[in-house]
Amino acid sequence: MLFLVAALMLLGVVLGTVAHAPLDVTAGLAAVIAVWLAVFALRERIARRRRTSAN
């Protein structure tokens, strides 16, 4: 849960700087966040499958 709060705070900071940052920087940060969220979702899916198959 704390991880998600930190992610939302980071997203707020990034969105606040979007108005002042060049498009390249904004796209780069968006890509980093998208990859991070994809890795998080993949880890959650693997963990859920592991728990279900163990039972």
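A search of the whole structure, which is a predicted model, finds 2 aromatic pairs, where rings of Phe, Tyr and Trp (its six-membered ring) pair if their centres lie within 6.5 Å, and where planes under 30 degrees apart count as stacked, over 60 as edge-to-face and the rest as tilted. A pair of aromatic rings is described by the distance of the centres and the angle of the planes, and the table gives both values for each pair.

| Pair | Centre to centre | Angle between planes | Class |
|---|---|---|---|
| Phenylalanine 3 and tryptophan 36 | 5.2 Å | 55 degrees | tilted |
| Phenylalanine 3 and phenylalanine 40 | 6.2 Å | 35 degrees | tilted |

The pair of phenylalanine 3 and tryptophan 36 links distant parts of the chain, since phenylalanine 3 sits in helix α1 (residues 2–18) and tryptophan 36 in helix α2 (residues 23–54), 33 residues apart. The pair of phenylalanine 3 and phenylalanine 40 likewise links distant parts of the chain, with phenylalanine 3 in helix α1 and phenylalanine 40 in helix α2, 37 residues apart. Through these ring pairs, Phe3, Trp36 and Phe40 are linked into a cluster.

The accessibility of the three rings' residues is classed by relative accessible area, with buried meaning under 20%, exposed over 50% and partly exposed in between (1.4 Å probe, protein chains only). Phenylalanine 3 counts as partly exposed because its relative accessibility is 47%, tryptophan 36 is partly exposed with a relative accessible area of 32%, and phenylalanine 40 is also partly exposed, at 30%.

Turning to the chain as a whole, the protein chain holds 2 helices and 0 strands, these being DSSP runs numbered from the N terminus, with helices (H or I) of at least four residues and strands (E) of at least two. Its radius of gyration, taken over C-alpha atoms, is 15 Å, whereas a compact globule of 55 residues would have one near 10 Å, by a rule of 2.2 Å times the number of residues to the power 0.38. The C-alpha trace spans about 50 × 20 × 10 Å along its principal axes, and buried residues make up 5% of the 55 residues. The accessible surface comes to about 4900 Å², of which 72% belongs to carbon and sulfur atoms; accessible areas come from the Shrake-Rupley method with a 1.4 Å probe, and for residues only the protein chains shown count as cover.

On that surface, Met1, Leu2, Leu4, Val5 and Met9 form a nonpolar patch with about 590 Å² of accessible area together. Patches are made of residues with over 30% relative accessible area and no salt bridge (a side-chain nitrogen of Lys or Arg within 4 Å of a carboxyl oxygen of Asp or Glu), with like charges joined within 9 Å and nonpolar side chains (Val, Leu, Ile, Met, Phe, Trp, Tyr) within 5 Å. Leucine 2, one of the patch residues, lies in helix α1 and is exposed, with a relative accessible area of 70%.

In helix α2, leucine 37 is partly exposed at 44%, and its C-alpha atom is separated by 9.4 Å from that of alanine 7, 30 residues apart along the chain. Alanine 27, also in helix α2, is partly exposed at 45%, and its C-alpha atom is separated by 18 Å from that of methionine 9, 18 residues apart along the chain.

Residues are numbered from 1 along each chain as its sequence is written, and side-chain values use heavy atoms, with hydrogens and water left out. In this predicted model, local features need pLDDT of at least 70 and side-chain atom pairs count only at pLDDT 80 or more, while totals for chains, interfaces and linings use all residues.
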